[in-house]
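Trainee: I would like to learn how to read a few features of a structure, beginning with a helix. Could we go through them one at a time?

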Amino acid sequence: MFLHRPNYHLHLSSTKSSLNSSPSVGVDAGSQMVSSTTLGTQRPEERIREMFANVELSVSSYDTAWVAMIPSPNSPQFPYYPECVSWLLDNQLPDGSWGIPHRHPFLIKDALSSTLASVLALKRWNIGEEHMKRGLHFIGSNFSLAIDPKQHSPVGFDVIFPGMVEKAKGMGLSLPLRPTAVDDLLHKRDLELKRSNSEGRKAYLAYIAEGLGELQDWDEVMKYQRKNGSLFNSPSTTAAALSHLQDAKCHAYLRSILERFGNAVPTTYPLDICTRLCMVDALERLGISRQFREEIKGVLDETYRCWLRIDEEIYLDTATCALAFRLLRMNGYDVSSDALAQFAEEDLFFNSLGGHLKDMGTVLELYRASQTIAFPNELVLEKINHWSSHFLKQELLKAEMQRDLFHKEIIQEVDYALRFPCYANLERLENRRNIEHYNLDDIHILKTSYRSCNIDRRDIIALAVEDFSVCQSIHRRELENLERWVKESRLDRLKFAREKQTYCYFSVAATLFAPELSDARMSWAKNGVLTTVVDDFFDIGGSRDELVNLINLIEKWNGNSAADCCSEQVEIIYYALYTTINELGAKAFAWQGRSVTDHLIDIWLTLLKSMMREAEWTMDKSTPTMDEYMANGYVSFALGPIVLPALYFVGPKLSEEVVVHPEFHNLFKLMSTCGRLLNDIQGFQREGKEGKLNSVSLRMVYDDRLASEEEAVREIRGVIDNSRRELLRLVLERQGSVVPSACKDLFWKAIKVLHLFYLTNDGFSSPTEMVSAVSAVIHEPIKPPSYCQEI
């Protein structure tokens, strides 16, 4: 069965470079994270690199108390783990409670639960009279909050806390509680226990078994025991089972934790794989993962080994399984979606423990994983996508109606994920959002709250803010240079042409943002401007003679003069192409060690000829077949000059054999097909008024089955989905691939740009659609959280 793990966005967990590294020592839940002033002159990235070295989780008063209650099998009048009793005596908080200090005001239920469990443990051994008195005073003073709906309830609180109240009464403890209040708690507990008895509910009741005591069928509970001896990786559940059954594997599990953490236990263990993956995920989402490639590779390699041996730590936790699948697949590891088959049907998921708890964080991880379809007939992911998106939308509506403030972070995360699928989400926009919504307090909640203790989150956010700001300053300078180049090339004199240099630059800066990739960005942006000009020239700006003249000039290439140009428009466009292609060719020689100028010319000539063919269709009022249109249309969409030359500037050497290889062309064709069809869907109405045909209108002409525009669009979206998935498969493919991964990634980045631009309409053509996005990536300074300014 599956234990849920709330996955609040950007809640980092500690991580280590090897699952077999030496164990760390447990740290009290309230321990302050390491102050940057004590770490000398190390840079944030150096300290983050050290965070990969080991895992340090906060220890749990609640779980430690249940371990402390276990009697010795040979001497039942003494505790089996006396060190835990001593820890409770040493770690009571000044207000009489146990648990996390400086707690959030909405976490009083957590404190009540931890405090009552600790009092029960001390009463069990008749020790710490003064501690018990102060603990009972805290419970009495705050008991009214136990039924406050605004308070966040730890998992199982409505069953466990009343159960502990009954246990206290049975031990002769005098709780300072009104009898009617206790009756209300017990009545609520009894109603909870009478609910339907599904498999998910059985697992849930087994997970919170310590709260049921003698009401629990302990033999039934032991069916959930894992290979490591635990029940659900929960020390408190395992401790309660050991108290009733004296199981040797339970004892071995608890002893192993105490050997690692000292005199106390965390609320869940092990958590190594999950926390390491959360670290990787957060660094990617903040845009700084490229600075930790070796560390991330180590994490993913080890996770993949665990994946292949079907490690329970992955496969028995829904969120961890989904997160591992997504990160491994998107980083090129060969993982099958069959591992998620148990979540394919909504009923199957909600019949598990995680599903029974209806945790939005867990479903969000499944939803994200479902967007990584890369193979034909991945029905498992399609089914997960269908039900998880529906569930998240419903939960979002409920949260908005209830004004749920405590879960505000996960609600915002769900809303963003639903609005921007992974294939329509540009990295720098996501990075900025995640930085600005970064949460310093790394609190997670299961049966009690816990956090990571070896991570100074200020270092992570400080590095992310610094990186974003440095890149942004570079991007502003590059955009200024691009605008200067437009004027120097006289392109601003072409009144028919749309001025889209800002959008062209934004599209690459938002995806290819590393400082060292300046040549790639400028190649992409300049060619983006030129393709826009040429597209408008062939659409509306040029006569047939001018179009033919431009193509002839490019075919001849060298030796042309102004006299060879039939108009000023042709002259401006030709010389802009000529100087830019030669400039990029010279720069590419420095990167590649060979001349690629002929290839750049050929890319442009192929585009111009495809545009000429479309122009002739319009001029002659002829109607191409659907096959003719698509064979020409994926080229005329004009991504060739934008994306292909940029590949020469991203790092790897590209031989001539690679750029003529079928794999290279297939990557380009799939990307361009998606772009053409997305553009056609959004431009159908406008182009229809201009007398132009596109794939929507052609499908309605040639396919008798399609009676309406909606049906044609639906069919085209299916083609887009299939092309995008096939492209992702090629991008992620390692074995047998001749195109370097860094180059293949650029095709996927282009797909994300296309889907964002055409998410609701033609964002590229709109003068206002992308303005805020452009500002966020290039112009508007990022505002770091106040706690970063001291780093």
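Trainee: What span should the 24 residues of H33 have at 1.5 Å a residue, and what distance separates its end C-alpha atoms?

Mentor: The expected span of a helix is 1.5 Å times one less than its number of residues, helices being DSSP runs of H or I with at least four residues, numbered from the N terminus. For H33 the expected span is 34 Å, and because its end C-alpha atoms are 34 Å apart, the two values agree. Please keep in mind that this is a predicted model, in which local features need pLDDT of at least 70 and side-chain atom pairs count only at pLDDT 80 or more, while totals for chains, interfaces and linings use all residues. Residues are numbered from 1 along each chain as its sequence is written, and side-chain values use heavy atoms, with hydrogens and water left out.

Trainee: Which residues of H33 are buried?

Mentor: An α-helix has 3.6 residues a turn, so residues three or four places apart point the same way. Buried means under 20% relative accessible area, exposed over 50%, and partly exposed in between, with a 1.4 Å probe and protein chains only. The buried residues of H33 include Ala712, Val713, Ile716, Ile720, Ser723, Arg724 and Leu727.

Trainee: How much space lies in the largest pocket, and which helix gives the largest share of its lining?

Mentor: On a 1 Å grid over the protein atoms alone, a pocket is an open set of points where a 1.4 Å probe fits, with protein on both sides within 12 Å along at least five of seven lines, and lining residues have an atom within 4 Å of a point. Grid points are joined across faces, edges and corners, and a volume is the space filled by probe spheres set on the points. Here the largest pocket holds about 1800 Å³, and its lining consists of 49 residues, with Glu284, Met330, Asn331, Asp745 and Lys749 nearest the centre. Helix H34 (741-757) gives the largest share of that lining, seven residues, and H33 is among the helices that each supply at least two.

Trainee: Where is Ile310 found, and is Ile310 buried or exposed?

Mentor: Ile310 is in the loop between H13 and helix H14 (312-315), and its phi is near 55°, a positive value in a residue other than glycine. Ile310 counts as exposed because its relative accessibility is 52%. Asn377, in the loop between helix H18 (360-370) and helix H19 (379-402), likewise has a positive phi, near 60°.
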